[in-house]
Amino acid sequence: MERLDKIISHAFGMSRTDAKKAIQSGEVSVAGAVCKNAAQKAEPSEVTLGGQAALYKEHIYIMLNKPQGVISASESGTEKTVIDLVPESLQRKGLFPAGRLDKDTVGFVLITDDGAFAHDILSPKKHIEKTYFVRTDKPIPADLPRKFQEGVVLYDGTQCLSACLEPVAPQEAVVKIKEGKYHQIKRMFRANGLAVEYLKRTAMGGLSLDDSLAEGACREISEEERKCILK
Ligand code: URA
């Protein structure tokens, strides 16, 4: 059993305020009877809004286009986090970023409250590719794709898994990695004498960042899109 305003807000992606307004205006019914009390506890399966059933989702999955200057954490003393960018209508308890981007990295961050799913897409054993667009300080050497494919050894001796590097301009490339070590892309280039000047995550698994999402904007993804991440 959940509060009626919470059920309506989650099921229809509305803010709590809008959910309360809908309830007070008599648009919401519980087991067929209109209920105007937002605090009333109800079984989600019995709730309707304008005759439409409220499908209560156990988990939520949000695609964010992260801007620079925001940190990939759930809580922070003073700094703005990716969770602060989630609008009220998509907020719920337990949201966290499934995988971190550095403060200066932009692009696709998946925000969810589903720990098991996050574990699945982050585990190197599952081989879910993360795709990045990279701009470097110097031209990319011709043998770098081969070195990435063989597995880069970082300065501290860490061996990386095989990665794919496809140059798209003299100082730009698309890179795909299947793991998420700390500062991994920057360190893979650094180990080969290049500095990363711009980094954007453009896809997770088979799901690309939605081009229509402005930096700082986010939207819930569909069940079909969620499954694409696992591909
Ligand atoms: N690799 C990095 O170096 N930074 C990121 O934010 C993501 C991958």
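Here are two short exercises on the ligand site of this predicted model.

**Exercise 1.** Find which residues surround the ligand, and sort them by class.

*Solution.* Start by listing every residue with a heavy atom within 4 Å of the ligand. You should arrive at Leu-101, Asp-102, Thr-105, Tyr-132, His-183, Gln-184, Ile-185, Lys-186 and Leu-199. Next, sort them: the shell has four nonpolar, three polar and two charged residues. Then look at where they come from. Helix α5 (residues 184-190) gives the largest share, three residues. Finally, turn to the domains: domain 2 (61-124 + 210-229) and domain 3 (129-204) each supply at least three residues of the shell.

**Exercise 2.** Work out which polar atoms of Asp-102, Gln-184 and Lys-186 lie by the ligand, side-chain or backbone.

*Solution.* Take the ligand's nitrogen first: a polar side-chain atom of Asp-102 lies 2.7 Å from a nitrogen atom of the ligand. Now move to oxygen. For Lys-186, a backbone N or O atom is 3.0 Å from a ligand oxygen atom. For Gln-184, a polar backbone atom lies 3.4 Å from an oxygen atom of the ligand. As a last step, consider the cover: alone, the ligand exposes 240 Å², and the protein buries 96% of that. The ligand sits in the largest pocket.

How values were computed: Residues are numbered from 1 along each chain as its sequence is written. This is a predicted model: local features need pLDDT of at least 70, side-chain atom pairs count only at pLDDT 80 or more; totals for chains, interfaces and linings use all residues. Side-chain values use heavy atoms; hydrogens and water are left out. A polar contact is a pair of N or O atoms within 3.5 Å; within protein, one must be able to donate a hydrogen and the other to accept it, and residues adjacent in sequence count only if both atoms are side-chain atoms. Accessible areas come from the Shrake-Rupley method with a 1.4 Å probe; for residues, only the protein chains shown count as cover. On a 1 Å grid over the protein atoms alone, a cavity is a set of points where a 1.4 Å probe fits but cannot get out, and a pocket is an open set with protein on both sides within 12 Å along at least five of seven lines; lining residues have an atom within 4 Å of a point. A molecule sits in a cavity or pocket if more than half of its atoms lie within 2 Å of its grid points. Helices (H or I, at least four residues) and strands (E, at least two) are DSSP runs, numbered from the N terminus. Ala, Val, Leu, Ile, Met, Phe, Trp, Tyr, Cys and Pro count as nonpolar, Asp, Glu, Lys and Arg as charged, and the others, Gly among them, as polar. Domain bounds come from an automatic or database domain assignment.
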